[in-house]
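Work through the exercises below with the sequence and the model open beside you. Try each task before reading its solution.

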Amino acid sequence: MTVHGFAGSDQPLGSAAGPGIAIRTLDVGKSYGGGETRIDALAEVSVDFGKGRFTAIMGPSGSGKSTLLHCLAGLDRPTTGQVLLGDVDLTRLPEKTLTHLRRDRIGFVFQAFNLVPTLTALENITLPLDLAGRNPDQAWLDTVIATIGLGDRLTHKPSELSGGQQQRVACARALVSRPDVVFADEPTGNLDSRSSADVLGFLHRSVRDFGQTVVMVTHDPTAASYADRVLFLADGRLRSELLDPTADSVLDAMKQLEVG
Ligand SMILES: Nc1ncnc2c1ncn2[C@@H]1O[C@H](COP(=O)(O)OP(=O)(O)OP(=O)(O)O)[C@@H](O)[C@H]1O
């Protein structure tokens with residue numbers, strides 16, 4: 001097994017994300033509160049996420065995984081540093097521009113599915129396009145729908161679908177606008193192992209077959225093994241990374257992280 005210590009970014013500070021890089025952080029820090037109660041959730045995080053790559057982020061509870069994902073996705077603003085999506089620094093955008101950028105260039109998959117209960121599966125999938133006033137690329141929509149394998153369930157409401165089916169709908173919704181990056185926060189946290197495998201298989205295929213970039217937070221070494229690369233956080237800092245992970249190598253790396 002090769003666990004690399006985390007060397008950080010190899011590009012000069014302040015540059016755009018670069019041709020092979022979908023998104024990158026430069027010296028990102030995030031603190032909550034102030035004075036004696038200040039919590040440094042992230043510190044000096046500089047990392048690149050390659051285009052068409054599947055990256056998992058792992059680490060103990062409270063290590064800053066969700067905070068990093070939220071800063072990357074423009075859902076939260078870092079206290080220090082930059083987040084570059086292509087050549088756009090998300091940390092400098094006014095709120096309204098950031099909202100449009102999230103809608104147009106970023107996809108989300110949450111642990112709790114977050115589907116609209118009154119809409120059918122198909123209507124949920126096309127919702128981001130409807131909100132943006134864009135027509136779906138029918139061939140792409142057909143491809144995404146064929147890949148999630150919901151068949152005749154597309155006219156069903158979320159309450160008539162299993163958790164795994166709902167999460168596959170959420171994945172399709174995230175992919176339908178061909179975003180620069182899909183962020184997934186514990187996407188299998190509420191699923192049994194069979195449904196987890198379906199959802200992870202779908203995310204994996206979106207990367208392998210469609211060149212999608214995916215960044216996923218997970219606690220689960222098996223889920224992380226679907227990724228091309230695993231980043232390990234501890235105490236808000238990047239500690240190590242693992243390429244071509246297996247569930248066993250991820251477990252070993254987590255044990256090394258605990259030992260320090
Ligand atoms: N809104 C907030 N206000 C104050 N502290 C926060 C806030 N959000 C996160 N934190 C703190 O920041 C640190 C990192 O939290 P974060 O949720 O990013 O960790 P995590 O690795 O995702 O944890 P978990 O695996 O338990 O979800 C924790 O100490 C947490 O208590």
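Three exercises follow, on a sheet, a ligand shell and a helix pair.

Residues are numbered from 1 along each chain as its sequence is written. The model is predicted, and local features need pLDDT of at least 70, side-chain atom pairs count only at pLDDT 80 or more, and totals for chains, interfaces and linings use all residues.

**Exercise 1. Establish the strand order of the open sheet and name its edge strands.**

Step 1. Strands (E, at least two residues) and helices (H or I, at least four) are DSSP runs numbered from the N terminus, and two strands pair if DSSP finds at least two bridges between them.

Step 2. Strand 2 (21-32) runs antiparallel to strand 3, joined to that strand by eight bridges, and T25 has V47 in strand 3 as its bridge partner. The hairpin of strand 2 and strand 3 has six residues between the strands, and there G33 takes a positive phi near 70 degrees.

Step 3. Strand 2 is also antiparallel to strand 5, through five bridges, with I23 partnered by L85 in strand 5.

Step 4. Strand 5 (residues 80-85) pairs with strand 6 in the antiparallel sense over two bridges, and L84 stands opposite D89 in strand 6.

Step 5. The order of the four strands is therefore 3-2-5-6, and the edge strands, each pairing on one side only, are strand 3 and strand 6 (88-89).

**Exercise 2. Describe the shell of residues around the ligand and find which helix gives the most to it.**

Step 1. Counting a residue as near when its C-beta atom, placed from the backbone, lies within 6 Å of the molecule, the residues around the ligand are Y32, I39, A41, G59, S61, G62, S63, G64, K65, S66 and T67.

Step 2. Strand 3 (39-50) and helix 1 (65-72) each supply at least two residues of this shell, and helix 1 gives the most, with three.

Step 3. With Ala, Val, Leu, Ile, Met, Phe, Trp, Tyr, Cys and Pro as nonpolar, Asp, Glu, Lys and Arg as charged, and the others, Gly among them, as polar, the shell has three nonpolar, seven polar and one charged residues.

**Exercise 3. Determine how helix 3 and helix 5 are oriented, and which residues meet.**

Step 1. With axes fitted to C-alpha atoms over the stretch in contact, and angles running from 0 to 180 degrees between N-to-C directions, helix 3 (residues 121-132) and helix 5 (residues 163-175) pack at about 30 degrees, their axes 7 Å apart.

Step 2. Helix 3 is therefore roughly parallel to helix 5, a term for angles under 35 degrees.

Step 3. Taking contact as C-beta atoms, placed from the backbone, within 7 Å, A121, N124, I125, L127 and P128 in helix 3 meet V169, A172 and R173 in helix 5. By class, this contact has six nonpolar, one polar and one charged residues.

Key. Angles under 35 degrees count as roughly parallel, over 145 as roughly antiparallel, 65 to 115 as roughly perpendicular and the rest as oblique. Two residues are in contact if their C-beta atoms, placed from the backbone, lie within 7 Å.
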